[in-house]
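Got the viewer open? Let's take a walk through this one, stop by stop, with something to select at each.

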Amino acid sequence: MSGAREGTARHPAQPARLILVRHGQTAHNHEGRLQGHADTPLDDTGQKQARRLAAHLLGLGIRAPTLHSSDLRRAHATAEALHRELGGTLHTFTDLREIFMGDWEGQRLDDLALSHPELHAQFWGGDPQCCAPGGETPQAAGERMYAHALAHWPAPGQTLVLVSHGIAISALLTRLLGLDYQAEFRSRRYLHVNTAYSLLTVDPVNREVLSAEVVQAGHLTGLEK
């Protein structure tokens, strides 16, 4: 698949849409704790964020999409809020889980910077081959996300929404756009805040990204954390 950067505008007769959504806020997010595969629920703010996003996407004309969600509760609850507002179908997949953070799950980022300074700096510096002790690399997470996207690529006129997690979405998005994960992760340009989304217009036949509106979060304006 050849990637396309933001602003390209070559469209097929019947393009499709691929929307990447990060889940709403959890208590772990609020406290600066790593989650990975930890099955944490949305907090009150996360539920409000999900409802805001659902109303926003409805206002953009998104109707009856195919919704694929990570099976972790924070993502699935976000997807359920979208499903209630937008209709369509909702399916859950373990492929869309966050990167597995091994021994770091549940720990505060600030504490890890003190206890594992070199490994912490390497991982948050975007090394795609680096992982937490016992965890998964960003490259591996990106590959499983990319494989899922290819296996379920939207048909002409279809909208596919993938509700997933921060690092997993960054790894997938940079792969889809043909960008270097480490450079983009360091820039933080493709890191999605809770319920931020990226809307990709894609060629359903050649499976190319035609244009991209990345890291959209206008629906969160005025919402306190």
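## Start in the middle of the sheet

Select S1 (16-22) and S4 (residues 159-164). The two strands run parallel, joined by six bridges. For one such pairing, click Val21: its bridge partner in S4 is Val163.

Keep in mind that you are looking at a predicted model. Colour it by confidence and you'll find a mean pLDDT of 94 for the chain, with 94% of the residues at 70 or more. Residues 2-9 are a stretch to treat with care: the pLDDT there is below 50, though the stretch has 19 contacts in the model beyond near neighbours in sequence.

## Step across to S2

Now add S2, residues 66-70. Is this strand mostly covered or mostly open? Mostly covered: five of its five residues are buried. S2 runs parallel to S4, with four bridges between them, and Leu67 stands opposite Val161 of S4.

Next, bring in S3 (residues 89-93), which pairs with S2 in the parallel sense over five bridges. Look for Ser69 here; it faces Thr92 in S3.

To see what links the two, show H3, residues 73-86. Together, S2, H3 and S3 form a right-handed β-α-β unit.

## Zoom out to the whole sheet

Select every strand now. In what order do the six strands of the open sheet lie? They go S3-S2-S4-S1-S5-S6, and the pairing is mixed. S3 and S6 are at the edges with a single partner strand each, so one side of each has no neighbour in the sheet. From one strand to the next, the twist averages 20°.

Keep H3 in view as well: this helix packs on the sheet, touching S1, S2, S3 and S4, and its direction makes about 165° with that of S2.

## Look into the core

Show side chains for the largest nonpolar core, which has 23 residues. Those touching the most other members are Leu18, Leu20, Leu162, Leu172, Leu176, Leu177 and Leu200. At least two residues each come from S1, H6 (138-151), S4, H7 (166-176), S5 (197-203) and S6 (208-216). H7 gives the largest share, five residues.

Apart from this core lies another, of 15 residues, including Leu57, Ala75, Leu82 and Leu86.

For a last stop, centre on Leu20. What does Leu20 touch, leaving out residues up to four places away in sequence? Among its contacts are Leu162, Ile169, Leu172, Leu173, Leu176, His192 and Tyr197.

Methods
Residues are numbered from 1 along each chain as its sequence is written. This is a predicted model: local features need pLDDT of at least 70, side-chain atom pairs count only at pLDDT 80 or more; totals for chains, interfaces and linings use all residues. Side-chain values use heavy atoms; hydrogens and water are left out. Buried means under 20% relative accessible area, exposed over 50%, partly exposed in between (1.4 Å probe, protein chains only). Two strands pair if DSSP finds at least two bridges between them. A crossover is right-handed if, with the strands pointing away from the viewer, the path from the first strand over the helix to the second runs clockwise. A nonpolar core is a set of buried Ala, Val, Leu, Ile, Met, Phe, Trp, Tyr and Cys residues joined through side-chain atoms within 4.5 Å. Contact means heavy atoms within 4.5 Å. pLDDT is the predictor's confidence in each residue, from 0 to 100. Axes are lines fitted to C-alpha atoms, for helices over the stretch in contact, and angles run from 0 to 180 degrees between N-to-C directions.
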